[in-house]
Each structure stands twice: as C-alpha cells, then as structure tokens.
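This report covers strand pairing, the packing of one helix and the confidence of the model.

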Amino acid sequence: MEVHSGGNDEFAVGGLLSIKTTLGDEFDGQVIAYDRFTNMLVLQEGLKSGPRRNIRLLNANYVKEFSFLGQAEDPLDVKKCYLDLNGLQAREELAIRQAEADAERIGVGVTSEAQNIFDALSKTLPVRWDKTVIVVMNEVRVSSPYLAESVSGGTPAANERVKKVLEFERKRLQARSSSQG
C-alpha cells in the first residue's frame, strides 16, 4: 500500500483510495473523475458496490494524504453503471414543484412582520398572497397593516374566524418577540 501526500498524479479513474483531508475527514472511495484544470476530484464514497452511493466533490488541495488501495474498473462504464433516470427525473420534478410552492408563500414588498403573520395564518388556514394582501380561504382579504380592522370580504363567519386567528397570532408573535428582546 502506497501513502502519498498532496500529489495528484494518482487520481486515475477507478482508483480505490483511503483519503485524509486537511479538514480532518477520513474516508475510502473510488475515483469517478479528476479534473486537473480545476483540481477537482469526484469520488464515490465507500468501497462496496450497491444501488445507493454517496458522491463527494473534493478540491484536491484539501487532500492531506491518501493511500492507494488498488485499481478497479471505471465506475461509470455504461455497461455496468445503473442510474435510475426515471427516479432522478421524478425527484427533480418534485423538488421544482416544492421550490415553486415555497416561492409562492413569500410575499413580495411586504415587511417581515407581514410575512410572519402570513406564516402563522398558514399553519391553520389556507392562505396565499395577492401582491401585498393576504387572501385567506380564497375569500377573506387581510390588507396592510394586517390588523383585525384590515380584514374584509368573505362570509361573516369566515371573516370573524380570520379576525380571531389574526388577533391570536399577533399576540403570540408579539409575546415571542418581547421574550427574545
């Protein structure tokens, strides 16, 4: 077993390495790719094969030392590599939909207090933004300054419920901010 310090001539694709980083990490892995220009190393962590593996990107400057454990075949050989493209695509689509949903929950041009009120209301009621107005249950509107007097629209019962929840959440937020101050 050879021990190397800092050199990068041994980062051949398929190489099995035991690595110590300057940050104190120690792990075994297989070289998937090495880019000399950026000095980036792409490693598949662990030496056992299996359907789920971690990939680590590591700037080779952070390799304190490594041991060359042996040479294996190219881990990305198309004939032997299995990627669940449908699964990856489904995870990507889910992540995009979640990011879009999260973005819709952030008010544009509103104060942090207004966003906190929106977030608090969203825990118990369906809410969305219409510019700077909070729309609750698709019928009741809460305008700036987001007080009980700012509530309009909807059935009288829905309107009253939103006012009660709004007053409760404002008191809760106020108590939380005064206990932190």
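Contact here means heavy atoms within 4.5 Å. The structure is a predicted model. The buried residues of helix α2 pack against three elements: β7 (127-130), β8 (133-136) and α3 (156-180). Helix α2 spans residues 112-122, and its buried residues are A114, Q115, I117, F118, A120 and L121. An α-helix has 3.6 residues a turn, so residues three or four places apart point the same way.

Two antiparallel pairings involve strand β3. Strand β2 (residues 15-21) is joined to β3 (residues 26-35) by five bridges, and L17 in β2 stands opposite G29 in β3. On the β4 side (residues 40-45), six bridges join that strand to β3, with V31 opposite L43 in β4. Both pairings are hairpins, as tabulated below.

| Hairpin | Residues between strands | Turn residue with positive phi |
|---|---|---|
| β2 and β3 | four residues | G24, about 95 degrees |
| β3 and β4 | four residues | N39, about 65 degrees |

Confidence varies along the protein chain. The average pLDDT is 85, and 89% of the residues score at least 70. Which element has the lowest mean pLDDT, and which the highest? Strand β1 (residues 2-4) has the lowest, 47, and strand β9 (residues 140-142) the highest, 94. Over residues 1-7 pLDDT stays under 50. For this segment the model has 19 contacts beyond four places in sequence.

Note on methods:
Residues numbered from 1 in each chain as written. Predicted model: local features only at pLDDT ≥ 70, side-chain atom pairs only at ≥ 80, totals over all residues. Heavy atoms only, no water. Pairing = 2+ DSSP bridges. Buried < 20%, exposed > 50% of the residue type's maximum accessible area, 1.4 Å probe, protein only. pLDDT = per-residue confidence, 0-100.
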